[in-house]
Every structure is written in structure tokens, then in C-alpha cells.
Amino acid sequence: MNANPTTTPRILIAPDKFKGSLTASQVAESLAAGLRQENPLAQVHTLPLADGGDGSVAAALGAGFQALTVPITGPTGEPATTTVAFNGTTAVVEVATTAGLQMLPAGHLAPLESSSVGFGQTIRSVLAHRPARIVLALGGSATTDGGAGMLNALGVGFTDRQGQAFVPTGGTLGQIAEADLTGLVDLTGVELIAANDVDNPLLGLNGAAAVYGPQKGATPDDVEALEAGLGALIRRLWEAGWPAEEAAGVPGAGAAGGLGYAAMLLGARMVSGADFFLDLLGFDTQVTGCDLVITGEGKLDTQTLSGKLPVVVARRAAPVPVIAVVGHNALGTDRLPAHGIKQVYALSAMTEADSATDPHLSAALLRETGRSIAGTLTPASSTAETADAI
């Protein structure tokens, strides 16, 4: 049913990014533009979201956090800068823009040479602003160093067999002869939250090196070397006095190349990234009184069903109907009733071109999708009527 000109449906657009194409804010604004064009009276609100991966800082900034610019060392030693989101109490720091794949020069993968030192430098810089809470967004890492680089930037000293101090990388963890915790920064009174969406341990066939190393360019031999290095890191940290062996087996320790492990040693609490960011960004308040929620992500697949952001949004929005708009739908269904998603729109079904690498095309298709969704809306007299319409 086409929207009545006097209808004023209340719509919340709350997507994740379309990786490689558009930020969550760009996705939301493109959909909103199409909706408003078709129904100028619609009350359309946007809430760009994140699940703890890359885009987490941008989502927090979109929700009103302020930006802090921090100079850091990139994952392979190059000077770089990153942005932190801070609201006076909570700071959001992400791996993706401090020690992430996107930080590698010319995209050159460096599984053995990369380090998480920039992530640690960012945390240390944020501490000067005296936050009550630091959110560690653990997605998109370039390294598998077990968080050793981060720990080093926070004051943990590492020396080799000749007694020389050095910053470990994934490939040099085995050279650590001693770890010294005496210089560790004081984190008293700071709540650390590690947001991620994986439950891998640090070691083993389901660990950081075996599962995620190949995605970062590691060959089978590299994976073997990284696994051995992570084992050596555990031993050195245990000898220094940390409960390093116990922490290695905790679900999530393997997140971000082992940064989940190092974060837990620092006292971080591991949380589901999607649920946490919905809380942080005020989703429950925003959805109150809405007739429809539109969410989405770059690709809808089986991982989505295991707790990625669109499914979490649908669960949290119920009984408000939810539509998912995605770059590509690998599930082959246009409805997911068991997960609370009434309709799925996929950009890849609208074009033969590759919209995933074309931001302008993606934005245009999202505007078109927004217009299509607006055309299905019934008068916003009840949530039930809106649900029936889609």
C-alpha cells in the first residue's frame, strides 16, 4: 500500500557499516534520503551503529561523542594518527584504526612484522583525560602478537636473551626472555570493556593464529611460528606473575590476534559488541514509539544469525517490525521470521555491478531502497498494521 500523504510514520534507521563501501552514517543517511523523498512527512531518525569492529569510533561520534586525535605508531612502525571518541566519561578506542589491516601501508599484509603497539599508545593517551571507562573495540586487527605491543606501550617491558629491550611483533614473540610488569600504567578506577563478537581461545586449532592468521596474510609456516610465539608469550607473562595460562583458554582471548587475551590480563570485561554498542548509543530509547526499524550490514550470512548486529537489533526492537537492508544476501531468503526480520532488501539483487566496491552506486541503491520501503508503509496507526504491510 502506498503511503498516505498525511501519514507520519516514525522510522528509526539503525545500520552497521557496509564494509569497503559506506560508513554506517552514510548508509543511514542514504536510506533516510530515499524515505523522505517518497514520504516527506515521515519522522525519520538515524542511529548509525557498530558491533565492536571498525566503525565503532565513528558510531560513537555520530551519537554525540567528541573526537580526540592521537599520534601513534602504525602496525609496521610508520607514524600515524588515530581518532578516539570521548564523552567526558567513556572513551571508545578501536583496533581497526590503530593496529588494523586498514593501517598497513598500501595494504601490504604483514602477519609476522606487525604489532599492536599503536593500540596501547592510544589507550595510554586517553588515560590522560581521566575516563571512567574505556571501550576496547577489538575488530579488524592486522597483527597476531597476543597484545604484546599494546602491553609494551602501557609499560610492560620486554627484553631478549641479551637483555635488550624491544617491542615484540607477532614474529618475534619467541625472542622474549623476560617480561617486567613493574612499569605498567596505573589503571585503578578505570573500567575496561573489551567489545568483540568471537569466542576463540588464544591457542589451538580454534585459536588466534590458526583461524585468523591466514586472513592477515599468514602462510601455514607463519601460522605455526605465530602459534609458537603466542605460547612463549604466555610462559613469559606467567613467569612475571600474571595468570597468563588460565586467561589463554577463556573464550574471546583469541580476539584481534590475541588482544582479547592481553585485555583480560589488564582486567577488561569481555562483552558482546553488538549488544554493548546498542546500550552505549541509546538504542532502546531511540526505538521507543517507532513504527518501523531499518537495520543492515554489508553482508547477510550465517555469521549474522549467530549474533551479528542486524539480529541483535531485531531482538531488541521487538515487537516493532524490522527490515534489513544489506549489500549482499548470502542466505537466499527475503525474510527471517525466526530472527524477527520481516523483510530483507539486498543491493546486489538490484544491479549486476559490484556495489560493495562502489560507494556512489551503493548510496544510489540505498536511496532507491528507501523509496521502495516508504511505498510499502501504511498509516502509522499501529505497529501491527505496519508489520502486516511488510
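The side chains of Asp-279 and Arg-316 meet in a salt bridge, with 2.4 Å from N to O. Asp-279 belongs to helix H10 (residues 273–280) and Arg-316 to helix H13, so this pair ties together parts that are 37 residues apart in sequence. Keep in mind as you look around that this is a predicted model. Below is a short tour of its salt bridges, its open sheet, helix H7 and its nonpolar cores.

**Salt bridges**

- In total, the structure holds 11 salt bridges.
- Asp-279 and Arg-316 are part of a wider group: salt bridges with shared partners join Asp-275, Asp-279, Asp-284, Arg-315 and Arg-316 into one network.
- Is Arg-316 buried or exposed? Its relative accessibility is 18%, and because buried means under 20%, Arg-316 counts as buried.
- Another salt bridge brings together the side chains of Arg-269 and Glu-191, at 3.0 Å from N to O. Here too, distant parts of the chain are linked: Arg-269 sits in strand S10 (residues 269–272) and Glu-191 in strand S9 (residues 191–196), 78 residues apart.
- Both ends of that pair are partly exposed, Arg-269 with a relative accessible area of 44% and Glu-191 with 34%.

**The open sheet and its helices**

- Five strands make up an open sheet, in the order S2-S1-S11-S12-S13, and their pairing is parallel.
- Why do strands S2 and S13 have one side without a neighbour in the sheet? Strand S2 (43–46) and strand S13 (341–346) stand at the edges with a single partner strand each, so one side of each is left free of a neighbour in the sheet.
- From one strand to the next, the twist averages 25°.
- Strand S1 (residues 10–13) pairs with strand S11 (residues 292–300) in the parallel sense, over three bridges. In this pairing, Ile-11 stands opposite Leu-292 of S11.
- Helix H13 (residues 309–317), home of Arg-316, lies across S11, strand S12 (322–329) and S13, and runs at about 165° to S11.
- Helix H14 (residues 359–375) also lies across S11, S12 and S13, running at about 150° to S12.

**Helix H7**

- Helix H7 (residues 220–239) has 20 residues and reaches 29 Å from its first C-alpha to its last, close to the expected 28 Å.
- Its buried residues include Leu-226, Leu-230, Leu-233, Ile-234 and Leu-237.
- What do the buried residues of H7 pack against? Their partners are helix H5 (148–153), strand S7 (157–159), strand S8 (178–180), helix H6 (208–212), helix H8 (244–248) and helix H9 (259–265).
- H7 also carries a salt bridge between Arg-236 and Glu-239, whose closest N and O atoms are 3.0 Å apart. The two residues are three places apart in the helix, about one turn.
- The partners differ in exposure: Arg-236 is buried, with a relative accessible area of 17%, whereas Glu-239 is partly exposed at 49%.
- After H7 comes Gly-241, which has a positive phi near 115°.

**Nonpolar cores**

- The largest nonpolar core has 59 residues, and Phe-158, Leu-237 and Tyr-261 have the most contacts inside it.
- Leaving aside residues up to four places away in sequence, Phe-158 touches Leu-233 and Leu-237, and its other contacts include Leu-151, Phe-166, Pro-168 and Ile-176.
- Apart from this core lies another one of 39 residues, among them Ala-14, Val-57, Val-271 and Leu-281.
- As a general backdrop, nonpolar side chains tend to be buried together in soluble globular proteins.

Conventions
Residues are numbered from 1 along each chain as its sequence is written. This is a predicted model: local features need pLDDT of at least 70, side-chain atom pairs count only at pLDDT 80 or more; totals for chains, interfaces and linings use all residues. Side-chain values use heavy atoms; hydrogens and water are left out. Helices (H or I, at least four residues) and strands (E, at least two) are DSSP runs, numbered from the N terminus. The expected span of a helix is 1.5 Å times one less than its number of residues. Buried means under 20% relative accessible area, exposed over 50%, partly exposed in between (1.4 Å probe, protein chains only). Contact means heavy atoms within 4.5 Å. Two strands pair if DSSP finds at least two bridges between them. Axes are lines fitted to C-alpha atoms, for helices over the stretch in contact, and angles run from 0 to 180 degrees between N-to-C directions. A nonpolar core is a set of buried Ala, Val, Leu, Ile, Met, Phe, Trp, Tyr and Cys residues joined through side-chain atoms within 4.5 Å. A salt bridge is a side-chain nitrogen of Lys or Arg within 4 Å of a carboxyl oxygen of Asp or Glu.
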